[in-house]
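Here are a few exercises to work through with the model open in your viewer. Try each task before reading its solution.

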Amino acid sequence: MYMLNIVIDILGLLLFFIGVYYLAVAFFSLIPVAQTPKEVEKNRYAVVIPAHNEAGVIEELIQSINDAEYPKGHISVFVVADGCADSTAIIARNKGAEVLIKEKASDKGSALKFALSNGKIKDGGFDCIAVFDADNIVSPRFFLEMD
């Protein structure tokens, strides 16, 4: 009987210390820990816009890209002026886009192939390439969400 009391006392002490441990963990979990935000390297985007006579809508698209909530040096806009007979190239240049002139008009696939074979896009060190039609508008958070 004496040995049984010793075993019960040891188990009681063990349970007591386990309870104290969990109580301490619960208490210290209530204290806020100051965390420094992690600086994440942002992706670099090449935005390619194939455009054939899109002077009426190209300015709004480029402006929406310029207004994006994303570091400005991480987005480069390339407009493929695909056989344009209007002021699409001039408007795009004035909004800060790099214009790639394709003399003969073709389909969008050929315009994209022309753009992607350009050394500035291919060798530009971009992480992602986004393709937009000229009559799109980009959400301000698009590039943040893509990251």
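**Exercise 1. Decide whether Tyr-70 and Phe-143 are buried or exposed, then classify their ring pair.**

Step 1. Start with burial, keeping in mind that this is a predicted model. Tyr-70 has a relative accessible area of 6%, and Phe-143 has 0%. The cut-off for buried is under 20%, so Tyr-70 is buried and Phe-143 is buried too.

Step 2. Now turn to the geometry. A pair of aromatic rings is described by the distance of the centres and the angle of the planes. For Tyr-70 and Phe-143, the centres are 5.9 Å apart and the planes stand at 45 degrees. Stacked pairs need under 30 degrees and edge-to-face pairs over 60, so this pair is tilted.

Step 3. Place the two residues along the chain. Tyr-70 sits in the loop between helix H2 (58-66) and strand S2 (75-82), while Phe-143 belongs to helix H6 (residues 142-146). The pair links distant parts of the chain, 73 residues apart.

Step 4. Look for further rings. Tyr-45, Tyr-70, Phe-132, Phe-142 and Phe-143 are linked by ring pairs into a cluster.

**Exercise 2. Find how many aromatic pairs the whole structure holds, and describe the one formed by Tyr-21 and Tyr-22.**

Step 1. The search returns nine aromatic pairs.

Step 2. Tyr-21 and Tyr-22 lie 5.3 Å centre to centre with 70 degrees between the planes, an edge-to-face arrangement.

Step 3. Check the surroundings: both Tyr-21 and Tyr-22 are exposed.

**Exercise 3. Work out the strand order of the sheet and which strands stand at its edges.**

Step 1. The order is S3-S2-S1-S4, in an open sheet of four strands with parallel pairing.

Step 2. Strand S3 (98-102) and strand S4 (128-131) each have a single partner strand, so each has one side without a neighbour in the sheet. These two are the edges.

Step 3. For the twist, ignore direction: neighbouring strands are turned by 25 degrees against each other on average.

Step 4. Zoom in on one pairing. Strand S1 (residues 45-51) runs parallel to S4 and is joined to it by four bridges. Across from Val-48 you will find Val-131 in S4.

Step 5. Add helices. H2 lies across S1 and S2, at about 175 degrees to S1. Helix H4 (residues 108-116) also packs on the sheet, touching S1, S2, S3 and S4, with its direction at about 120 degrees to that of S3.

**Exercise 4. Identify the residues that touch the most other members of the largest nonpolar core.**

Step 1. This core has 25 residues, and the best-connected are Val-47, Ile-49, Ile-65, Val-77, Val-79 and Phe-143.

Step 2. Among the elements supplying at least two core residues each are S1, H2, S2 and helix H3 (88-94).

Step 3. Inspect Ile-49. Beyond its neighbours within four places in sequence, its contacts include Ile-62, Ile-65, Val-77, Val-79 and Phe-132.

Step 4. A separate core of nine residues includes Ala-46, Phe-78, Ala-111 and Phe-126.

**Exercise 5. Compare the radius of gyration of the protein with that of a compact globule of 147 residues.**

Step 1. The globule would have a value near 15 Å, but the protein has 30 Å.

Step 2. Set this beside the box filled by the C-alpha atoms, roughly 105 × 25 × 25 Å along the principal axes.

Step 3. Finish with burial: 28% of the 147 residues are buried.

Methods
Residues are numbered from 1 along each chain as its sequence is written. This is a predicted model: local features need pLDDT of at least 70, side-chain atom pairs count only at pLDDT 80 or more; totals for chains, interfaces and linings use all residues. Side-chain values use heavy atoms; hydrogens and water are left out. Rings of Phe, Tyr and Trp (its six-membered ring) pair if their centres lie within 6.5 Å; planes under 30 degrees apart count as stacked, over 60 as edge-to-face and the rest as tilted. Buried means under 20% relative accessible area, exposed over 50%, partly exposed in between (1.4 Å probe, protein chains only). Two strands pair if DSSP finds at least two bridges between them. Axes are lines fitted to C-alpha atoms, for helices over the stretch in contact, and angles run from 0 to 180 degrees between N-to-C directions. Contact means heavy atoms within 4.5 Å. A nonpolar core is a set of buried Ala, Val, Leu, Ile, Met, Phe, Trp, Tyr and Cys residues joined through side-chain atoms within 4.5 Å. The radius of gyration is taken over C-alpha atoms; the globule rule is 2.2 Å times the number of residues to the power 0.38.
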